[in-house]
Amino acid sequence: MEKILLLLVVALLNGALIYMDTLLKDILPISLYAEKYMTLTTGTNLLESLYDILFGFGVAVMILKFLKKGFEIYVLWTDGDPDEEPLFLLTNFFRAMAVAICFPTIYTWIGQMVEELTNQLLTVIGQSTDYNWQVWVNSISSLGLVTALFGLVFVVCFFILYFQFLMRGLEMFILRVGIPLACAGLLDNDRGVFRAYTQKFMQSMLTVVIQIALAKLGVGLMLQSHVFWGLACMMLAIKTPRFLSDFLITSGGGGGGVVNNVYHSVKLVGMARKMTKAG
C-alpha cells in the first residue's frame with residue numbers, strides 16, 4: 001500500500017514538473033505589469049485603453065470637485081476656511097492633474113526600483129531560475145512516503161503562491177487604472193482617499209518583493225533537501241499579505257471630518273466674538 005501511494009505522489013510531482021520551470025520565470029513582471037500578459041489578440045494595450053477612459057472621467061470629477069469646493073468655501077462658507085487664499089485650492093487642483101498625467105511615468109520608475117531591489121535580494125539569496133526538479137523528485141521519493149507527501153504539499157503551496165502573484169498583478173492593474181479617480185482626493189487638505197490609495201500601492205509592491213524572495217529561498221532550501229525549512233518559507237510567503245496588513249494599515253481621511261468640524265466651530269466662535277466687539 002505504501003509503495004502504491006508513493007508511486008501516486010511521485011506521479012503527481014512529475015506531472016507538476018511541466019509547470020514548475022516556467023512558473024518561476026517572469027513572476028515579478030507578471031505582478032507589476034500584468035497588462036503585458038493580457039494584451040488582446042488585436043494588439044490593443046488593455047491598460048492604455050482603460051486608463052484613457054478613466055483619465056477623462058477622473059479629470060471631469062476633479063473639475064466638478066474643484067468647482068464644488070470653491071463654491072462651498074467662498075460662497076456658502078460651509079467648508080474649509082473662507083479667509084484662505086483661492087490660490088491654495090487652485091494649487092491642489094493642478095497638483096492632482098499633474099499626478100494623474102505623470103503617474104504612468106512615475107510608476108515606471110517605481111517598477112524599475114522594485115525590480116532592482118528584488119534582483120539584489122535574489123543575488124544575496126543566491127538563487128537562479130534554473131532548477132533541476134527531476135533530481136529533486138528522485139531524491140525525495142527515495143526518502144520514503146512521508147517526505148514525498150511533504151514535497152507534494154510544497155508543490156501545492158507553490159501553485160497557490162503563483163495564483164497569488166496573478167491576483168497581485170490584477171490588483172496592481174486595477175490600482176493603476178483607478179489612479180485618476182483617486183487623484184481627486186488631492187483637492188482635500190488631508191489628501192482624502194489618495195492617502196489610503198498610495199499606502200495600498202506601497203503595501204502591494206512590498207508584498208510582491210517579500211513573496212518572491214521567500215519563494216526563491218523556499219525553492220532553494222527544498223532542493224537542498226531542507227524539506228521543512230523550504231515548506232515553512234513557502235507557507236510564510238502565502239501569508240505575507242496578512243502578515244504585512246498587521247502593521248501596514250491603510251488609513252483614509254475618516255478622522256478629517258471631526259478635525260474640520262472642530263476647526264469650523266472655533267472659527268465661528270471667533271467671528272462671533274469679533275462681531276460682538278464691533279457692535
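**Exercise 1. What percentage of the 279 residues of the chain count as buried?**

Solution. Let's start with the whole chain, keeping in mind that this is a predicted model. Of its 279 residues, 39% count as buried. Turning to the surface, the accessible area comes to about 16,000 Å², and carbon and sulfur atoms account for 69% of that area.

**Exercise 2. Describe the secondary structure of the chain, then look at how its contacts are spread along the sequence.**

Solution. Begin by counting elements: there are eleven helices and zero strands. Read from the N terminus, the order is therefore simply α-α-α-α-α-α-α-α-α-α-α. Next, take the contacts between residues at least 6 apart in sequence: 81% of them join residues at least 24 apart.

**Exercise 3. Find which members of the largest nonpolar core touch the most other members, and follow the contacts of M62.**

Solution. First, the core itself: it has 61 residues. The members touching the most others are M62, Y107, W136, F154, I179, F201 and M234. Now pick M62 and leave out residues up to four places away in sequence. What remains is a set of contacts with F93, A96, M97 and A100, along with P180, C183, A184 and L187.

**Exercise 4. Locate L5 and explain whether it is buried, partly exposed or exposed.**

Solution. Step one is location: L5 sits in helix α1, which covers residues 2-23. Step two is exposure: the relative accessible area of L5 is 35%. Because that value falls between the 20% and 50% cut-offs, L5 is partly exposed. Finally, see its partners: L5, L8 and L12 make up a nonpolar surface patch, together offering about 260 Å² of accessible area.

Note on methods:
Residues are numbered from 1 along each chain as its sequence is written. This is a predicted model: local features need pLDDT of at least 70, side-chain atom pairs count only at pLDDT 80 or more; totals for chains, interfaces and linings use all residues. Side-chain values use heavy atoms; hydrogens and water are left out. A nonpolar core is a set of buried Ala, Val, Leu, Ile, Met, Phe, Trp, Tyr and Cys residues joined through side-chain atoms within 4.5 Å. Buried means under 20% relative accessible area, exposed over 50%, partly exposed in between (1.4 Å probe, protein chains only). Contact means heavy atoms within 4.5 Å. Helices (H or I, at least four residues) and strands (E, at least two) are DSSP runs, numbered from the N terminus. Accessible areas come from the Shrake-Rupley method with a 1.4 Å probe; for residues, only the protein chains shown count as cover. Patches are made of residues with over 30% relative accessible area and no salt bridge: like charges are joined within 9 Å, nonpolar side chains (Val, Leu, Ile, Met, Phe, Trp, Tyr) within 5 Å. A salt bridge is a side-chain nitrogen of Lys or Arg within 4 Å of a carboxyl oxygen of Asp or Glu.
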